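Please walk through this model with the structure open beside the text, turning to each part as it is named. The account begins with a helix, moves on to a barrel and ends with a few loops.

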Amino acid sequence: MTSTEDMTTTATLDQAVESTADHTPTGAAKAAAMRDALAYVERWVAFQGELLGTPGIQVAVRHKGELLLDLAWGVADVETQAPLTTDHLFRIASHSKTFTATAALQLVEAGELRLDDTVEQWVPALAGSGVATVTVRELLGHQGGVIRDGSDANYWQRGGGVFPDRDAIIAMAKAEGVVYATNEHFKYSNIGYSLLGLVLEGASGMSYAELVAERITGPLGTTAMGPEWLAERDGEFAAGHTGRTRAGEARHRIRHVDTAAMAPATGWFATAADLTVYGSAHAFGNETLVTDASKRLLQRPESPVTHAGVTRHYGLGFDVETIGSRAVVGHSGGYPGHITRTWIDPKDDLVVSALTNAIDGPAGTIAGGVLAIIDLALALAEEVEADASVAVPASIAAELEGRFANLWSVEDVVSLGGRLVILAPKAPEPAGFVVRLRVTDTADSLATDDVAGFWATGEPAVFGRDADGAVETLTTSGMTSWRIDAWRAALESGDLAGALPRVSL
């Protein structure tokens, strides 16, 4: 599905809400809240895409094995302007590490590999080198002290060389493989995962591509996912695009190439929907790929990583984080022209995948925002279950919903989980700025919650109507906003005072 939607400036609503997976309304209320959330996700993704000038975005959401959202917005190629579809393939880059870690645990379960095995046991060409005694587990957790990409990594920039093949990886590992002692520091390493690929080949007796086809994509039944770009399928891929160094700068197409022996670290491709199939296989209770015991090992925080005062965690091939109160795992991916992110809640079996086709694409923002919107909707549904008086009747909500704008802000009036709220669509985390609305005895004047805040909390939100009775304005904090199309028309006319009552610059 491809959608388009316009958007404008920012909102500054200050009543924050904590999104939490602990809010779990029952039965039909939960299902309805999820539908509300994903309907709004479509509008919010389009807003973010146009606001940031992203060429195209794919988003998929799967819950308990059911695909609830499969969205494509924008274009696959800025040169041809071909619409992006849900079938376009994306390079998912470092997501590849999760597949490689999964394959490693599969071999461990089968008794074909041990986590304490060393590199030299399976890659004899590296015997006696600095990486020879690094273990499989140390490589999986980026604790091997291995160089990240090599001293000449311009293969990451088109025209700067080709990705290294097996011989080049071995030569690099011998010449400059070790930066730190093992377990001295977490050190993210694409070369380390390339070495893992060689280890898996040695242990399985198969090529990496054969191994993952037999043990991952085959069992999952996925056809839009694989370990490496294929020239014969190039037409199925969304084009990659350059990032911007200034507002409005033209984007340029980036061609896809084979990542050679670095496929276990960065070569994989997928659609968002197929990535959620894979993600769901990492939920507890689904043992299509690995046992729950192996999942606990993969998903356990192996390394704390503190940077700029923020501590993140990494497991074995997976990011391990908390979003709201959800314990999630997953990975990001950065390939020349594609930025991607997938989050998995392995207990709730909820998977969100966001793929973008620009090197500055907001995949992380989108994936995190989708989770937050879902959890907000579930929290609001729980509030309605606890106190039905806070619900806004569907007939009223349908009239009032929509996007409004003024000189200072853009405000989305949205029905989520039976409640009517105001959100800030420009915010990277729209569920972080929430104003709850409640009906009153005064027509078209809704009450806001009586809470502390910088915004005009406790003051009414007043909706105004046109001569035909249709809602056309929203007044909050004493300032009027207009339906987004009317506001844009006024801006484009250059005569705000003439186009909108009491508005002038």
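In this predicted model, a good place to start is helix H9, which spans residues 272-280 and is mostly covered, with 8 of its 9 residues buried. The buried residues of H9 are Ala272, Ala273, Asp274, Leu275 and Thr276, together with Tyr278, Gly279 and Ser280.

From this helix the reader can turn to the strands further along the chain. Here 8 strands close into a barrel with antiparallel pairing, and their order is E15-E16-E17-E18-E19-E20-E21-E22. Going from one strand to the next, the twist averages 30°. In general, the strands of a sheet pair through backbone hydrogen bonds, and they may do so in parallel or antiparallel fashion. One pair in the barrel shows the arrangement in detail: strand E21 (residues 471-476) and strand E22 (residues 479-483) run antiparallel and are joined by 4 bridges. Threonine 473 has tryptophan 482, in E22, as its bridge partner.

Helices also pack on these strands. Helix H11, made of residues 363-386, packs on the sheet and touches E16, E17 and E18, while its direction makes about 145° with that of E17. Helix H1, made of residues 27-52, lies across E15, E16 and strand E17 (419-423), and it runs at about 160° to E16.

The loops between strands deserve a closer look, beginning with the one that links strand E15 (402-405) and strand E16 (410-416), where leucine 407 has its place. Is leucine 407 buried or exposed? Its relative accessible area is 51%, and because exposed means over 50%, leucine 407 counts as exposed. Leu407 also takes part, with Trp408 and Met479, in a nonpolar surface patch of about 360 Å².

Two other loops draw attention through their backbone angles. Most residues other than glycine have a negative phi, yet alanine 308 has a positive phi, near 55°. This alanine 308 is found in the loop between strand E9 (303-307) and strand E10 (310-314), and with a relative accessible area of 74% it is exposed. Aspartate 444, likewise not a glycine, has a positive phi of about 60°, and aspartate 444 lies in the loop that runs between strand E18 (434-438) and strand E19 (445-448), two of the strands named in the order of the barrel.

Technical notes
Residues are numbered from 1 along each chain as its sequence is written. This is a predicted model: local features need pLDDT of at least 70, side-chain atom pairs count only at pLDDT 80 or more; totals for chains, interfaces and linings use all residues. Side-chain values use heavy atoms; hydrogens and water are left out. Patches are made of residues with over 30% relative accessible area and no salt bridge: like charges are joined within 9 Å, nonpolar side chains (Val, Leu, Ile, Met, Phe, Trp, Tyr) within 5 Å. Accessible areas come from the Shrake-Rupley method with a 1.4 Å probe; for residues, only the protein chains shown count as cover. A salt bridge is a side-chain nitrogen of Lys or Arg within 4 Å of a carboxyl oxygen of Asp or Glu. Buried means under 20% relative accessible area, exposed over 50%, partly exposed in between (1.4 Å probe, protein chains only). Two strands pair if DSSP finds at least two bridges between them. Axes are lines fitted to C-alpha atoms, for helices over the stretch in contact, and angles run from 0 to 180 degrees between N-to-C directions. Contact means heavy atoms within 4.5 Å.
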